[in-house]
Amino acid sequence: MSVLQIHSSARLEGSNTRILSQYLVESLGQPVVSRDLAQQPLPSISAEDLIDIHASAEHSQPSFQQQLALSNQLIDELKEANTLVLGAPMYNFGIPASLKQWIDAICRAGVSFNYTEQGPVGLLGIQRAFIITATGGTPIGSEMDFASRYLEHICRFIGINEVSHIDASGSKGSPEQVIAQGKQQIDNALLAS
Ligand SMILES: Cc1cc2nc3c(=O)[nH]c(=O)nc-3n(C[C@H](O)[C@H](O)[C@H](O)COP(=O)(O)O)c2cc1C
């Protein structure tokens with residue numbers, strides 16, 4: 001089993017989510033599969049293909065088959081992981097568009113979740129997720145934070161029960177302080193597990 005590390009910061013240097021995500025995966029000490037949504041953005045999807053992928057429809061149109069193959073690959077990466085590490089910079093109070101595109105590709109009825117009479121049930125057997133959210137100042141957990149709680153909801157929706165937040169909000173001080181406090185939160189989360 002391995003760690004799936006998802007990067008979505010547009011900053012390739014000096015990114016708080018990238019720095020903390022790297023510290024976390026090195027601390028976990030397991031094999032890591034990394035997907036960088038900023039450096040290798042997912043291809044755009046047509047309106048028709050998006051609806052069909054979401055509905056887990058089947059047809060032979062080439063663009064649909066390409067999107068289906070990509071969605072299957074992304075879901076396989078999740079299935080092979082026991083830990084998911086999501087690095088999410090806050091952009092305009094939410095998540096980067098690249099990360100939303102990944103979410104739209106991995107949430108598939110009958111594949112990663114099922115609707116039941118008791119409500120949605122996640123189908124991906126990932127043990128744990130870490131959500132690292134960085135902001136320029138917006139406090140994590142505040143009413144302006146539409147990033148971290150949304151990501152926790154998606155993790156639980158696909159069946160990840162244990163979700164830990166690493167708060168890298170700019171409201172915590174200088175970049176050095178944000179990183180130091182983020183590393184401390186990671187150490188504490190790993191000690192507690
Ligand atoms: C397009 C864009 C939108 C942003 N919107 C917000 C925002 O709504 N609230 C906030 O506190 N910071 C905002 N920021 C600042 C980033 O969240 C902050 O720089 C954070 O550290 C980015 O994560 P990173 O260090 O991993 O790149 C924004 C930055 C960019 C580039």
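1. At what angle do helix α3 (residues 62-79) and α4 pack, and how far apart are their axes? In this predicted model, the two helices pack at an angle of about 90°, and their axes lie 8 Å apart. Because angles of 65 to 115 degrees count as roughly perpendicular, α3 is described as roughly perpendicular to α4.

2. The residues that form this contact can be listed from both sides: α3 contributes Leu70, Ser71, Leu74, Ile75 and Leu78, which meet Trp102, Ala105 and Ile106 in α4. By residue class, the contact of α3 with α4 divides into 7 nonpolar residues and 1 polar residue, with no charged residue.

3. Turning to the interior, the largest nonpolar core has 36 residues, and those with the most contacts inside it are Leu84, Leu86 and Ile132. Two or more residues of this core come from each of the strands β1 (2-7), β3 (81-89), β6 (128-134) and β7 (162-168), and likewise from each of the helices α1, α4 (97-106), α5 (148-157) and α6 (175-192).

4. Ile132 deserves a separate look: when its neighbours within four places in sequence are left aside, Ile132 is in contact with Thr17, Leu20, Ser21, Leu86, Gly87, Ala88, Ile166 and Ala168.

5. As for the ligand, 17 residues surround it, of which Thr17, Pro89, Thr135, Gly136 and Thr138 come nearest. Thr17, one of these, is also among the residues in contact with Ile132. Helix α1 (residues 16-28) provides the largest share of the shell around the ligand, namely 3 residues, and the shell as a whole divides into 5 nonpolar, 10 polar and 2 charged residues.

Note on methods
Residues numbered from 1 in each chain as written. Predicted model: local features only at pLDDT ≥ 70, side-chain atom pairs only at ≥ 80, totals over all residues. Near = placed C-beta within 6 Å. Helix = DSSP H or I, 4+ residues; strand = E, 2+ residues; numbered from the N terminus. Nonpolar A, V, L, I, M, F, W, Y, C, P; charged D, E, K, R; others polar. Core = buried A, V, L, I, M, F, W, Y, C linked by C-beta atoms within 7 Å. Buried ≥ 20, exposed ≤ 12 C-beta atoms within 10 Å, placed from the backbone. Contact = placed C-beta atoms within 7 Å. Axes fitted to C-alpha atoms, helices over the stretch in contact; angles between N-to-C directions. Parallel < 35°, antiparallel > 145°, perpendicular 65-115°, else oblique.
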